[in-house]
Amino acid sequence: MKIAISIGHGRNASGGYDSGAVGGGYHEFKLAKEIGKYAGEALAVYDCDVDIINYNGEAYLTDRINYINKGGYDLALEIHLNANGGTGSEVYYKHGNTAGKKLAAAISKSIADNLGIKNRGAKIKLSGNVDYFGFVRSVKCQSLLVETVFIDTASDRNKVVTAAGQKKCGQAIASAIANYYGLKKLAASPSLVTSIGAGSTVKITGKCYATGQTIPVWVKARNHTVKSVNANGKVLLKEINSYVWADDLQLVKSAKKGIVVGSTVTIKSGSVYGGLSTARGKAIPKEQLAPKKHKVTKIQTNNGVREALLGDILSWVAVSSLTEV
Ligand SMILES: [Zn+2]
């Protein structure tokens, strides 16, 4: 599963800095980014992909929403601190969304229990008959807005002004998500490292790149694809185009063996039908293309081309037009 942790505030509509609410001299954005970072770190030990969005205040709300909507996420949460007097944690969900309500309640309770504050629980906020918060309303996947604690109530704020408190809060959010979705912890077996090869999915467990530079937490929070492994143990990671020592990696998934019967695939855009019927060479309609998933039920060579039969649409498509998912 793919999770986006968005940090609330940081950038306003005109491109300037938006601190969010302020309490005791602390900025909402700056506390939220630390909490979000630790939530991402804590989720990274589970079998999921986590991206931290707006960590450096680089994205305005609509940018964050657009990014998430294009990113194929299953869950997006935005980290905030509450204001205007009050105490406790609360989490907003899409009104009418039962699953969202349940997860929101679990996250709110986990924060409250772990920080020792009041649990205000799962909440909705409406403007007319739509959700008030843009993040909750316009993010298409399951989306939650997490109001961790009140920044302008000292007893609440003091729970998250230290790194230890921020970590506790982040871990509380992560454990509620992991429990809710039944995410499996990754086996941290160093012997698995030997099976890292091109195409493997890995997580970084070490602190530094092969160059000695420190790896930022948000890079560590996500999965990476191995581009190549060289003889002295340096591994090139595709998405970040950087070398990391093999000893500093943990295998998440071995390299795929290619498309076989039983594989789940998507069809690349611009693909045409194969097979031997009159449909051969005709464009595959858009609604059947990625991200729609298909199952391969047969593979054979038609007219000299290796093709897969996609059982759900009973159509042959060249294997080279498919992407394994
Ligand atoms: Zn806020």
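This section describes the overall dimensions, a six-stranded sheet, a helix and a pair of strand pairings in a predicted model.

The protein contains seven helices and 20 strands. Its C-alpha atoms occupy a box of roughly 75 × 55 × 40 Å along the principal axes. Of the 325 residues in the protein, 38% are buried. Contacts between residues at least 6 apart in sequence are joined in 68% of cases by residues at least 24 apart.

Six strands form an open sheet with mixed pairing, in the order 4-1-5-10-6-7. Strand 4 (49-53) and strand 7 (119-123) lie at the edges and each has a single partner strand, so one side of each lacks a neighbour in the sheet. From one strand to the next, the twist averages 15°. Within this order, strand 5 stands beside strand 10. Strand 5 (residues 75-82) and strand 10 (residues 142-150) pair in the parallel sense, and seven bridges connect them. In this pairing, Ile 79 is placed opposite Val 146 of strand 10.

Helix 3 comprises 18 residues (residues 98-115). At 1.5 Å a residue, counted over one less than the number of residues, the helix should span 26 Å, and its end C-alpha atoms are 26 Å apart, which agrees with that expectation. The buried residues of helix 3 are Gly 100, Leu 103, Ala 104, Ile 107, Ser 108, Ser 110, Ile 111, Ala 112 and Leu 115. Their cover includes strand 6 (89-92), strand 7, strand 10 and helix 6 (163-181). Strands 6, 7 and 10 also belong to the open sheet of six strands. After helix 3 comes Gly 116, with a positive phi near 70°.

A further region centres on strand 13 (residues 234-237), which has two faces: Val 235 and Leu 237 lie on the covered face, whereas Lys 234 and Leu 236 lie on the uncovered one. Strand 13 pairs with strand 12 (residues 224-229) in the antiparallel sense over three bridges, and Leu 236 is the bridge partner of Ser 228. Strand 13 also runs antiparallel to strand 14 (residues 242-245), to which four bridges join it. Val 235, from the covered face of strand 13, stands opposite Val 244 in strand 14. The hairpin of strand 13 and strand 14 has four residues between the strands, and Asn 241 in this hairpin adopts a positive phi near 50°.

Technical notes. Residues are numbered from 1 along each chain as its sequence is written. This is a predicted model: local features need pLDDT of at least 70, side-chain atom pairs count only at pLDDT 80 or more; totals for chains, interfaces and linings use all residues. Two strands pair if DSSP finds at least two bridges between them. Axes are lines fitted to C-alpha atoms, for helices over the stretch in contact, and angles run from 0 to 180 degrees between N-to-C directions. A residue is buried if 20 or more other C-beta atoms lie within 10 Å of its own, exposed if 12 or fewer, and partly exposed in between; C-beta atoms are placed from the backbone. Two residues are in contact if their C-beta atoms, placed from the backbone, lie within 7 Å.
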